[in-house]
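Let's take a walk through this one together, stopping at a few places worth a closer look. Keep the structure open beside you as you read.

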Amino acid sequence: MKHKLGLIGFSYLAGLICAEFFGTAIIGVFIFAAVLLIFSLTVYKMRKSAAALALFTAFAAMCVHGIYTLTVYLPITAYDGKTAEISGVITDVRYYGSDTAAYVIETEINGIKAHINFFGEDSGGSVGDSIKFTVKLSVMKDSGVFAEKSYYKSKGIFLSASPRGGVTVAENSGFNLKKSVSDYSDYIGDKMCSLLTGDEGDLLKAMFLGDKSGLSSSLSDNIKRAGISHFTAVSGLHLTVVSHILLLLISLTPLKNHRYFKFIVLSLLILLFTLFFKLSPSVIRAGIMLIVYYGSEPFMRKSSVINSMGIAVLAVTLTNPYACTDAGFLLSLAGTFGVGAVSPMICKRFNKSKLTPIKNMAAASACAVLCTFPLSCIFFGGISVMGIITNLLLYPLFLPALLCAALFAVFGGNGNALMFVSGLCAKAMIFIIDLIGGFRYAYFTLDYSFFVPVSILSVLFAVFTYLYFKDIKKTLRAAVISLCVMLSFTALSNLYYRDKASLAMYSDGNDACIIAKQEGSVFIAVSDDSQKLLDIIGDYLKSNFIDEVSVIKVINQSNNNLSGFQKIPCREFLPPDNTNEVYSDKITLQSERDRCRIKINGVSVSLSPAKDPVDDGISVIYGYTGSIKDLNGIIFASSKRLYGNDENNIYKNLYYDKASYIITDNGFLRDKG
């Protein structure tokens, strides 16, 4: 069997992903695993050893997933809602404004080693310090804006903590390698931004270190619309560039003549840089692959991309089975498969000429984009139709910028000339990103009711094609056909919803907005002039190809940002002190002091303060901080997450969330997301 380790690794990953669909239904996981075991034994008797090995590996993966859930996840999450005194060690810190910070703390819960998230006042703690406090533990929740539970679960973090007592931090005076490397990473990021003070510094920091906190909302949005979100996720490309630099430096020393010592030193340096890049699953995967790849020379073995990927998958997921759903890890695998496995097969067919390097680069870029396309749709909720073009334009700028940034880090933050070159490349990249991202039809949002079943059928179609024909060319054709079908269904779904009456509600945690749309009329009501809500509205208008809004009503002005809302192309702008009624053929907006009501297609939805809510129709409340009461038809916009237990309550919490509905001709709401 040519790629046995690759087959085992990817079969194991497939088994873990299948187990994820069952969640905590352990019985279902083990029943499905038993079915796979029976199939594997049956196929083995038919002398199909490869298929039998794949099925048996998937069976083993599901068993591991089920056991991990039973012995680790469930005992830890059983502390949901409980108050406990926690003592542990800080393993990661993120600092925010207003003296707040987010800590990841390694501790013991119910006798099991666990990691918890803590967001609160900056207590001065750093990586490696001991911390002790009383907290209330809770299981994280996914929202429409941020899938918090899924994101942290894939990283082995299952609980968040809110303070209930004083925080005590004891500084670790001893040497801590992870802390030292983490501090150095932060130092390099700060040095980059001090030398490049504009957007180019923030972009370079995002692309080299994966820290997107400094990106402006418009640039971040255009990065998504241009289809290059993977550029701002630290991946194997970053570590590959660094490893080539390290290999070059080692070749200048006497170690170049000692292949075993050279391999050991290079491996240690690669592991050091995985710490520098904050141990993300995609970087760990890349580090393992590179060590296996470079190890093929001293141990006289032929390197294989597929086998290296299989080993990396096993190494990442054996300790944490939930890493199988990490977005960066899966995108990194898909991109590596496209560049390392699919692209070489295509490039073999090219006739050698002066344009061969350009053809190879274009093929590698196209394969990476196509292989990551389905995952990008799932994780980012949309399709960038300009992705391949943008990648081809940006790679010649991205690689030298990344190379100079890596050299800057290797040389201890010295070399202003390196940052000058990186800054020029970053400026050119920003120009291209803004140009393409600003194109009206660059990005289409997805309707998952179409996309999910079609994508599953497409994958099954491609797999069946390969298993039946054993032909890569026919499999690639099947994949392209599947891609065209997905794009067609997406286009049809967008056409279907274009003229439908729709209602969207968003919140930034304190304030809320309502967007009503039908046949060219768009009415927007906002509780306050919040910058976050302004960004959300801008993204909504771009995603729905809306050039002009009919009416905007801003109820309050406490953020001194009214001018930001006034810049939205609008026929009629109603400031906070305006009391009026405006209407189009389909939508009516009634405004009165600190509240307003929108009526669309027979549905009435109001935006009012929590202290005195409108109790007719659907009511969106802003400034809500109390406990949930028996209020039917209420959609909350609260300053904290609230979850009710009464099944008769009809409500949706909008804390950093959204609610989107299609309104039928009969005036009924159908949930769209």
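**Starting at the cavity**

The largest cavity has a lining made up of Y73, V139, M140, K149, K153, I157 and F158. Keep in mind that you're looking at a predicted model. That cavity has a volume of about 30 Å³, and the structure holds one cavity of 30 Å³ or more. Who does the lining? Helix α4 (148–153) and strand β5 (157–163) each bring at least two residues to it. By character, the lining residues split into five nonpolar, two charged and no polar.

One of those lining residues, V139, takes us to strand β4, residues 130–139. Which way do the side chains of β4 point? They alternate: I131, F133, V135, L137 and V139 are buried on one face, while S130, K132, T134, K136 and S138 point to the other face and are not buried. So much for the faces; now for the neighbours. β4 pairs with β5 in the antiparallel sense, over five bridges, and in that pairing V135 sits opposite P163 of β5. β4 also runs antiparallel to strand β6 (residues 168–170), joined to it by three bridges. Here K132 is the residue to find, as it stands opposite T168 in β6.

Now move along to the helices. The largest nonpolar core has 55 residues, and M192, L203, F208, F231, L239, F276 and F277 are the ones that touch the most other members. At least two residues of this core come from each of α5 (177–195), α6 (199–209), α7 (217–225), α8 (236–251), α9, α10 (281–295), α14 (387–410) and α15 (416–437). The largest share is α14's, with ten residues. There is also a second, separate core of 29 residues, with M505, F523, C596 and V603 among them.

Among the contributors to the largest core, α9 deserves a slower look. This helix covers residues 259–276, which makes 18 residues, and spans 25 Å from first C-alpha to last, close to the 26 Å expected at 1.5 Å a residue. Which residues of α9 are buried? They are K262, F263, L266, S267, I270, F273, T274, L275 and F276. Much of that spacing will look familiar, because an α-helix has 3.6 residues a turn and residues three or four places apart point the same way. F276, buried in α9, is also one of the residues touching the most other members of the largest core. After α9 comes K278, with a positive phi near 65 degrees.

While we're among these helices, look at the loop between α6 and α7, where S216 is found. S216 counts as partly exposed, because its relative accessibility is 25%. In sequence S216 is 17 residues from D199, and in space the two are 7.7 Å apart, C-alpha to C-alpha.

Two more loops round off the tour, each with a positive phi to check. N560 is not a glycine, yet its phi is positive at about 55 degrees. Find N560 in the loop between β12 (549–556) and α19 (562–566). Is N560 buried or exposed? With 68% relative accessibility, N560 counts as exposed.

R593 is the other stop, in the loop between β15 (587–592) and β16 (595–600). R593 is a residue other than glycine too, and its phi is positive, near 50 degrees. Its relative accessible area is 55%, so R593 is exposed.

Technical notes. Residues are numbered from 1 along each chain as its sequence is written. This is a predicted model: local features need pLDDT of at least 70, side-chain atom pairs count only at pLDDT 80 or more; totals for chains, interfaces and linings use all residues. Side-chain values use heavy atoms; hydrogens and water are left out. Helices (H or I, at least four residues) and strands (E, at least two) are DSSP runs, numbered from the N terminus. The expected span of a helix is 1.5 Å times one less than its number of residues. Buried means under 20% relative accessible area, exposed over 50%, partly exposed in between (1.4 Å probe, protein chains only). A nonpolar core is a set of buried Ala, Val, Leu, Ile, Met, Phe, Trp, Tyr and Cys residues joined through side-chain atoms within 4.5 Å. On a 1 Å grid over the protein atoms alone, a cavity is a set of points where a 1.4 Å probe fits but cannot get out, and a pocket is an open set with protein on both sides within 12 Å along at least five of seven lines; lining residues have an atom within 4 Å of a point. Grid points are joined across faces, edges and corners, and a volume is the space filled by probe spheres set on the points. Ala, Val, Leu, Ile, Met, Phe, Trp, Tyr, Cys and Pro count as nonpolar, Asp, Glu, Lys and Arg as charged, and the others, Gly among them, as polar. Two strands pair if DSSP finds at least two bridges between them.
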